[in-house]
Amino acid sequence: MVFNPLEKLFNSLKKTRESLSSGLNKLKGKEISAESIEELETVLLMADLGVVCTEDVINKLKKYGNKTNLLDVLHNELLEMITVKYKANVLETDYKASAILIVGVNGTGKTTSAAKLAAYYTNLGKSVMLIGADTYRAAAAEQLRQWSVVANIQFVSNESSGDPSAVLFDGLKSAQAKDIDISLIDTAGRLHTYKNLMAEIGKMHKVVTTKFPDFQLETLLTLDANLGQNSLSQAKKFHEQTSVDGIILTKMDGTAKGGIVFPIYRELGIPVKFIGMGETLDDLIEFNAEDYVQSLIG
Ligand SMILES: Nc1nc2c(ncn2[C@@H]2O[C@H](COP(=O)(O)OP(=O)(O)OP(=O)(O)O)[C@@H](O)[C@H]2O)c(=O)[nH]1
Ligand SMILES: [Mg+2]
């Protein structure tokens with residue numbers, strides 16, 4: 001079977017698109033008017049764009065003349081909202097190697113995403129290592145080890161250690177010795193309200209920046225797309241306490257709330273970098289704004 005990322009994206013946005021499409025269908029061919037704009041407002045709110053983004057889009061559309069086709073300009077305005085520049089990612093970096101720290105609330109898909117990313121970067125010709133730094137949940141390291149076997153990726157952990165920073169240190173030492181390009185670090189699930197656990201992420205950041213200055217550090221936050229607007233406040237809290245470079249939006253395959261990508265950019269300024277769309281290794285694609293908007297409004 002040929003792997004077609006665009007087709008996967010299109011399929012995973014099915015529910016979101018369906019929630020949008022009956023509304024958008026009614027607007028097909030319509031020109032901008034007070035009435036059509038009001039209809040659109042309801043449609044966007046239903047797709048979880050949130051109040052701020054919806055108002056933004058509506059205000060921008062109002063600036064076009066009445067003779068303008070509504071859906072044509074909607075496409076451009078949505079695209080503009082999520083086209084942002086961000087820090088060079090690990091494929092463009094000048095650093096010798098990269099460490100990607102994967103953080104997030106319990107069950108949002110960190111371990112699965114670590115494995116998917118490992119496979120993704122391996123397919124791009126990079127040498128990759130998985131580091132199991134979830135020292136809290138019993139069997140967490142074993143879950144990641146099993147993925148490493150399936151994906152045929154090097155794996156480092158220490159099941160007798162209770163200190164994630166120590167596991168991280170040993171893991172990166174090993175990656176350094178083996179000249180690994182990208183190390184993916186799976187961490188324990190944590191609620192943003194747990195101060196000590198949040199401080200631990202800061203400690204892990206410090207291990208990388210002080211002990212491994214040759215490594216570019218990238219922190220990715222997993223967010224479960226099913227949570228819709230609630231995931232926004234989750235991201236906000238994580239970002240306040242530990243700087244987040246990008247989002248992996250997981251479980252997009254099961255949700256009608258795919259519109260959440262817009263408020264994440266607009267309100268938090270954090271780019272969505274990857275989309276998770278299933279439970280197997282190749283169910284992950286790099287986020288592309290154009291493809292996303294196209295798949296969303298068809
Ligand atoms: N449908 C779907 N399921 C997913 C996706 N990503 C992860 N899952 C499932 O979500 C569940 C939790 O995934 P994990 O990767 O274990 O989540 P985690 O964040 O590591 O969980 P903790 O370590 O317990 O905090 C598993 O059953 C995964 O198969 C996705 O993109 N789509
Ligand atoms: Mg996990």
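Where is the place of Lys251? Here are some friendly notes on that and a few other points; please keep in mind that this is a predicted model.

1. Lys251 sits in the loop between β6 and α11. The backbone there deserves a look, since phi of Lys251 is near 60°, a positive value in a residue other than glycine. Lys251 also counts as buried, with 24 C-beta neighbours inside 10 Å.

2. Asn152 makes a nice companion case. This residue is not a glycine, yet has a positive phi of about 60°. You will find Asn152 in the loop between α7 (140–151) and β3. Asn152 is exposed: 9 other C-beta atoms lie within 10 Å, and a residue with 12 or fewer is called exposed.

3. Now for the sheet. Eight strands make up an open sheet with mixed pairing, and their order is β3-β2-β4-β1-β5-β6-β7-β8. At the edges are β3 (154–157) and β8 (284–286), each of which pairs on one side only. On average, neighbouring strands of the sheet are turned by 25° against each other, direction ignored.

4. If you want one strand pair to inspect, try β2 (residues 128–133) and β4 (residues 182–187). These two run parallel and are joined by six bridges. Val128, for instance, has Ile182 in β4 as its bridge partner.

5. Helix α6 (residues 110–123) lies across β1 (97–104), β2, β4, β5 (215–224), β6 (246–250), β7 (272–276) and β8. Relative to β4, helix α6 runs at about 170°.

6. Helix α6 comes up again at ligand 1, where it gives the most to the shell, with three residues. There are 22 residues around ligand 1, and Gly109, Thr111, Thr112, Gly189 and Gly276 come nearest. Sorted by class, the shell has 13 polar, seven charged and two nonpolar residues.

7. Finally, take helix α10 (residues 229–241), in which Ser231, Ala235 and Phe238 are buried. These three cover an arc of only 65° around the axis, so they lie on the same side of α10. The general background is that an α-helix has 3.6 residues a turn, so residues three or four places apart point the same way. On the other side of α10, Ser233 and Glu240 are exposed. And what do the buried residues of α10 pack against? Their partners are β1, β5, β6 and α11 (261–268).

Technical notes. Residues numbered from 1 in each chain as written. Chains lettered and ligands numbered in written order. Predicted model: local features only at pLDDT ≥ 70, side-chain atom pairs only at ≥ 80, totals over all residues. Pairing = 2+ DSSP bridges. Helix = DSSP H or I, 4+ residues; strand = E, 2+ residues; numbered from the N terminus. Axes fitted to C-alpha atoms, helices over the stretch in contact; angles between N-to-C directions. Contact = placed C-beta atoms within 7 Å. Buried ≥ 20, exposed ≤ 12 C-beta atoms within 10 Å, placed from the backbone. Arc of directions from axis to C-beta. Near = placed C-beta within 6 Å. Nonpolar A, V, L, I, M, F, W, Y, C, P; charged D, E, K, R; others polar.
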